[in-house]
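The following exercises ask the reader to work through a protein model from contacts to backbone geometry. Please attempt each task before reading its solution.

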Amino acid sequence: MALPRPGDYIDIHVHGGKPADGIFILETLMAHENRMPEKTEGAAFTFGIHPWFLTEQNHEDHLRLVEKLSGNPEIIAIGEAGFDKLRGPSHDLQETIFDAQVRISEESGKPLIIHCVRAWEDVMRQFGKLKPGMPWMIHGFRGKIQLARQLLSKGFFLSIWYEFALRPESSALFRELPGDRFFLETDGADVDIRDMYAKVAGDLGKDVGALKSQLLSNYYKFFRISS
């Protein structure tokens with residue numbers, strides 16, 4: 001299992017990315033893609049069933065694949081799993097497969113990465129019902145401070161969506177976030193993670209080196225890796 005090094009920029013959610021010198025990526029693989037994790041310097045992997053690509057016809061095969069690959073040491077988290085009220089199958093099927101991926105997360109001892117669009121009540125309800133022992137991270141967060149507070153109060157980590165992170169109005173959110181509970185991501189967009197670090201470091205009144213150290217510490221905390 002590859003690990004970020006001190007001084008690396010960490011891009012916590014990438015699709016189709018390539019690690020670069022000084023940039024560590026967490027590549028998100030999805031069951032419908034037929035892409036398998038390979039030992040790669042500068043990269044680790046998540047694997048899961050995205051609600052956009054979930055159907056009545058494929059969900060059993062995809063779930064078996066997630067179960068099979070959950071023990072792969074290159075896969076360090078399950079997901080992205082979740083709920084989407086704008087795209088995807090019925091709510092009942094989304095909930096069934098979300099709960100199944102929570103079970104796999106718990107059984108494998110690997111955290112859960114969550115996709116959520118207009119379904120915060122579903123995610124928080126399932127959190128209360130299932131009472132997971134593994135950490136959960138919301139990827140692509142772009143919500144208001146009040147929503148962030150609700151999620152943080154339950155122990156969630158937040159990965160801030162690239163476009164929102166670069167906006168001036170995100171500065172207030174970053175100043176509100178506990179330093180040990182957030183990450184930055186490009187989500188596979190044509191955005192440089194280094195620009196995001198520079199902007200957020202400025203929001204927090206830190207230098208980039210201090211922000212790198214904080215997010216490296218967060219990585220070890222979220223993935224429960226002994227330093």
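**Exercise 1. Contacts of F141 and the core**

Task: With which residues is F141 in contact, leaving aside its neighbours within four places in sequence?

Solution. The model is a predicted one. Beyond the excluded neighbours, F141 is in contact with W120, L147, A148, L151, L158, S159, I160, W161, F164 and L173. The next step is to place F141 in the nonpolar core. The largest such core has 77 residues, and F141, I160, L184 and Y219 touch the most other members. As background, nonpolar side chains tend to be buried together in soluble globular proteins.

**Exercise 2. The sheet and its edges**

Task: Determine the strand order of the open sheet, and state which strands stand at its edges.

Solution. The sheet has eight strands in the order β1-β2-β3-β4-β5-β6-β7-β8, and the pairing is parallel. The edges are formed by β1 (9-14) and β8 (182-184); each has a single partner strand, so one side of each is left without a neighbour in the sheet. On average, neighbouring strands are turned by 25° against each other, direction ignored.

At the β8 edge, β7 (residues 157-160) pairs with β8 in the parallel sense over three bridges. Within this pairing, I160 has L184 of β8 as its bridge partner. Helix α4 packs on the sheet and touches β6 (136-141) and β7, its direction making about 165° with that of β6.

To locate a residue of this helix, take Q150, found in α4 (residues 145-153). Its relative accessibility is 39%, so Q150 counts as partly exposed. The C-alpha atoms of Q150 and M124 are 9.1 Å apart, although 26 residues separate the two along the chain.

**Exercise 3. The enclosure of β3**

Task: Is β3 largely enclosed or exposed, and which strands pair with it?

Solution. Begin with accessibility, for which buried means under 20% relative accessible area. Six of the six residues of β3 (residues 43-48) are buried, so the strand is largely enclosed by the rest of the structure. Next, separate the two faces: A43, F45 and F47 lie on one side, A44, T46 and G48 on the other, and all are buried.

Then consider the pairing. β2 (residues 23-30) pairs with β3 in the parallel sense over six bridges, with I25 opposite A43. β3 also runs parallel to β4 (residues 75-84), to which three bridges join it, and here F45 stands opposite I75.

**Exercise 4. Aromatic pairs and charges over rings**

Task: Classify the geometry of the pair F183 and F222, and state which parts of the chain the pair ties together.

Solution. A search of the whole structure finds 17 aromatic pairs. For F183 and F222, the centres are 6.1 Å apart and the planes make 70°. Planes over 60 degrees apart count as edge-to-face, so this pair is edge-to-face. F183 belongs to strand β8 and F222 to helix α8 (residues 208-222); the pair therefore ties together parts that are 39 residues apart in sequence.

F183 counts as buried at 1% relative accessibility, and F222 is buried at 0%. Both belong to one aromatic cluster, formed by F24, F157, F183, Y219, Y220, F222 and F223.

Two charges over rings complete this part. The charged end of R87 sits over the ring of W52, 4.0 Å from its centre. K212 lies over the face of Y9, at 4.0 Å from the ring centre.

**Exercise 5. Backbone geometry**

Task: Where is the peptide bond that is cis, and which residues other than glycine are reported here with a positive phi?

Solution. Most residues other than glycine have a negative phi, and most peptide bonds are trans. The bond from G79 to E80 is cis, with omega near 25°; E80 is found in strand β4.

For phi, D187 has a positive value of about 60° and is not a glycine. D187 lies in the loop between β8 and α7 (193-204) and counts as partly exposed at 22% relative accessibility. R224, also a residue other than glycine, has a positive phi near 55°. R224 lies in the segment after α8 and counts as exposed at 52% relative accessibility.

Definitions and conventions. Residues are numbered from 1 along each chain as its sequence is written. This is a predicted model: local features need pLDDT of at least 70, side-chain atom pairs count only at pLDDT 80 or more; totals for chains, interfaces and linings use all residues. Side-chain values use heavy atoms; hydrogens and water are left out. Helices (H or I, at least four residues) and strands (E, at least two) are DSSP runs, numbered from the N terminus. Buried means under 20% relative accessible area, exposed over 50%, partly exposed in between (1.4 Å probe, protein chains only). Two strands pair if DSSP finds at least two bridges between them. Axes are lines fitted to C-alpha atoms, for helices over the stretch in contact, and angles run from 0 to 180 degrees between N-to-C directions. Contact means heavy atoms within 4.5 Å. Rings of Phe, Tyr and Trp (its six-membered ring) pair if their centres lie within 6.5 Å; planes under 30 degrees apart count as stacked, over 60 as edge-to-face and the rest as tilted. A charge sits over a ring if NZ of Lys or CZ of Arg is within 6 Å of the ring centre and within 35 degrees of the ring normal. A nonpolar core is a set of buried Ala, Val, Leu, Ile, Met, Phe, Trp, Tyr and Cys residues joined through side-chain atoms within 4.5 Å.
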